[in-house]
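Please look through the chain shown here before reading on. The points that follow are meant to be checked against it one at a time.

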Amino acid sequence: MTNHNFYNKILKNQDIYSVLKKLGSPIWLYQADIIKKKIQQLKKFDIIRFAQKACSNIHILKLMKKNNVKVDAVSLGEIHRALYAGYTNKNDDIIFTADLFDKKTLKKIVEMNITVNAGSLDMLEQLGKISPGHKVWLRINPKFGHGHNKKTNTGGENSKHGIWETELAIPIIKKYKLKLIGLHMHIGSGVDYQHLKKVCNTMVNYALSLNQKIQAISAGGGLSIPYKSTDQEIDIEHYFKLWNQTKKVISKNLKTPITLEIEPGRFLVGESGILVATVYAIKRVGKKIFTLVDAGFNDLIRPTLYGSYHHISVIKKNNINDKKKKTMKTIIGGPLCESGDIFTQNEKNELIERELPEIKIGDYLVFHNTGAYGATMSSNYNSKPLIPEVLFENNIPKIIRRRQTIQDILNLELNIKKEI
């Protein structure tokens with residue numbers, strides 16, 4: 001089904017405008033109610049585990065915890081974020097997922113007895129040697145993949161993720177008496193239900209062939225959101241039925257109860273967020289018109305990295321609607337000293353014009369559905385400070401990350417010892 005309500009704004013222009021007047025731009029804005037609604041849609045799954053790499057702000061994690069969502073961490077930093085948000089090492093609130101350990105991360109995991117979702121045989125060896133009996137999952141590479149872009153494919157020969165020869169993990173698990181909790185398979189499916197069925201069948205085959213008394217299976221993430229008005233919304237009921245049937249088959253054959261986890265990132269937060277930027281220049285270059293704003297790929301890298309599409313809307317600088325309804329075709333770019341700093345490009349890095357309401361200097365552009373892989377993929381490129389994040393909850397805006405200062409950046413390089 002087509003999402004006809006796609007262009008409904010998550011926040012009223014007046015709410016956005018009032019925050020801009022106080023904090024300036026560029027800025028991230030999130031709507032808590034949308035995150036809560038997305039959580040509710042997944043309530044049939046036994047456990048919802050948030051892939052925090054999508055949006056790892058501590059206050060977003062607190063919101064997840066408050067709504068009984070567990071968390072996945074893929075780095076030592078994400079473990080610390082989860083702990084600051086109130087998660088503990090009890091009841092597998094935190095699971096660490098990766099394809100390798102660095103020394104500091106492994107030490108913390110062992111100290112806190114955090115369950116590990118292992119993506120390589122080396123991880124099992126390294127963990128087993130210093131922490132026999134540790135709880136583990138196996139992240140399986142099912143030898144095929146899927147994704148909206150080859151860079152986001154998490155399965156098959158071209159993916160670094162997961163264990164290829166999963167059967168080789170069992171002798172290592174037995175050698176170190178590791179406790180195998182579950183099997184994890186994340187390769188993304190979205191609205192491709194034929195592919196999803198293949199994933200489910202493959203999970204059954206691995207569970208039965210390994211023949212271990214596991215307690216759980218994880219459907220991973222990969223739940224898509226509609227970025228364009230023509231995109232289909234995912235059928236959660238159908239998604240759940242396929243995975244629930246998979247759970248039942250495995251439980252029956254292994255003669256043990258099985259818990260079904262799902263591990264969404266984008267699905268929970270993507271539609272909740274927007275990036276707002278100010279127009280500072282409009283320039284004609286040959287037959288093209290470039291509209292340049294104060295946000296760049298240092299803030300939102302998805303269009304440059306993946307050719308990803310984000311709907312763009314316009315708020316007039318005085319928040320007064322233009323009754324003339326004039327439009328213009330334009331390319332939207334940022335301030336960086338990079339030709340690739342363009343928000344309107346496709347996967348082939350071709351510049352794409354957007355038809356938008358007529359834009360003038362001082363107007364604001366809103367980049368929609370940027371709650372996932374927006375702020376978390378930001379950088380200081382061109383020595384640009386990280387921008388504020390604001391969360392609206394019960395219509396009240398709250399700053400959840402202040403604007404970084406240039407001095408914050410410089411302090412990492414000042415007053416340090418030169419000798420090693």
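**Notes on the strands, a few residues and a surface patch**

1. Strand 10 and strand 15 (residues 364–367) run antiparallel to each other and are joined over four bridges. Please keep in mind throughout that this is a predicted model. One pair that can be looked up directly is Thr278, whose bridge partner in strand 15 is Tyr364.

2. Strand 10, which covers residues 273–285, also pairs with strand 1 (residues 27–31), again in the antiparallel sense and over four bridges. To find this pairing in the model, one can begin at Leu29, for which the bridge partner in strand 10 is Ile274.

3. A further antiparallel pairing links strand 10 to strand 11 (residues 288–293), here over six bridges, and within it Val279 stands opposite Val293 of strand 11. These two strands form a hairpin with two residues between them, and Gly286, which sits in the turn, has a positive phi of about 65°.

4. Ile315 belongs to strand 12, which spans residues 312–315. Is Ile315 buried or exposed? Its relative accessibility is 1%, and because buried means under 20%, Ile315 counts as buried. When residues up to four places away in sequence are not counted, Ile315 touches Asn13, Ile16, Asp363, Tyr364 and Val366; Tyr364 is also the residue named above as the bridge partner of Thr278. By contrast with these contacts, the C-alpha atoms of Ile315 and Met377, which are 62 residues apart along the chain, are separated by 25 Å.

5. His368 is found in the loop between strand 15 and strand 16 (389–393). A place in a loop does not settle whether a residue is covered, so the accessibility should be checked as well: His368 has a relative accessible area of 10% and is therefore buried. Leaving aside neighbours within four places in sequence, His368 is in contact with Gly273, Ile274, His310, His311, Ile312 and Ser313.

6. Arg354 lies in strand 14 (residues 354–357). With a relative accessible area of 11%, Arg354 is buried, and the residues in contact with Arg354, apart from those within four places in sequence, include Tyr309, His310, His311, Ile312, Met328 and Phe343. The C-alpha atoms of Arg354 and Val279, which are 75 residues apart along the chain, are separated by 15 Å.

7. How many disulfides are there? The count comes to zero. Two of the cysteines may still be set side by side: Cys200 has a relative accessible area of 2% and is buried, whereas Cys337, at 67% relative accessibility, counts as exposed because that value is over 50%.

8. The last point concerns the surface, where Ile406, Leu410 and Leu414 make a nonpolar patch of about 260 Å². Leu414 is found in the segment after helix 12 (406–411). At 42% relative accessibility, Leu414 counts as partly exposed, because the value lies between the limits of 20% for buried and 50% for exposed.

Note on methods: Residues numbered from 1 in each chain as written. Predicted model: local features only at pLDDT ≥ 70, side-chain atom pairs only at ≥ 80, totals over all residues. Heavy atoms only, no water. Patch = residues over 30% accessible without salt bridge, like charges linked within 9 Å, V, L, I, M, F, W, Y side chains within 5 Å. Areas by Shrake-Rupley, 256 points an atom, 1.4 Å probe, with all protein chains shown as cover. Salt bridge = Lys/Arg side-chain N within 4 Å of Asp/Glu carboxyl O. Buried < 20%, exposed > 50% of the residue type's maximum accessible area, 1.4 Å probe, protein only. Pairing = 2+ DSSP bridges. Disulfide = S-S within 2.5 Å. Contact = heavy atoms within 4.5 Å.
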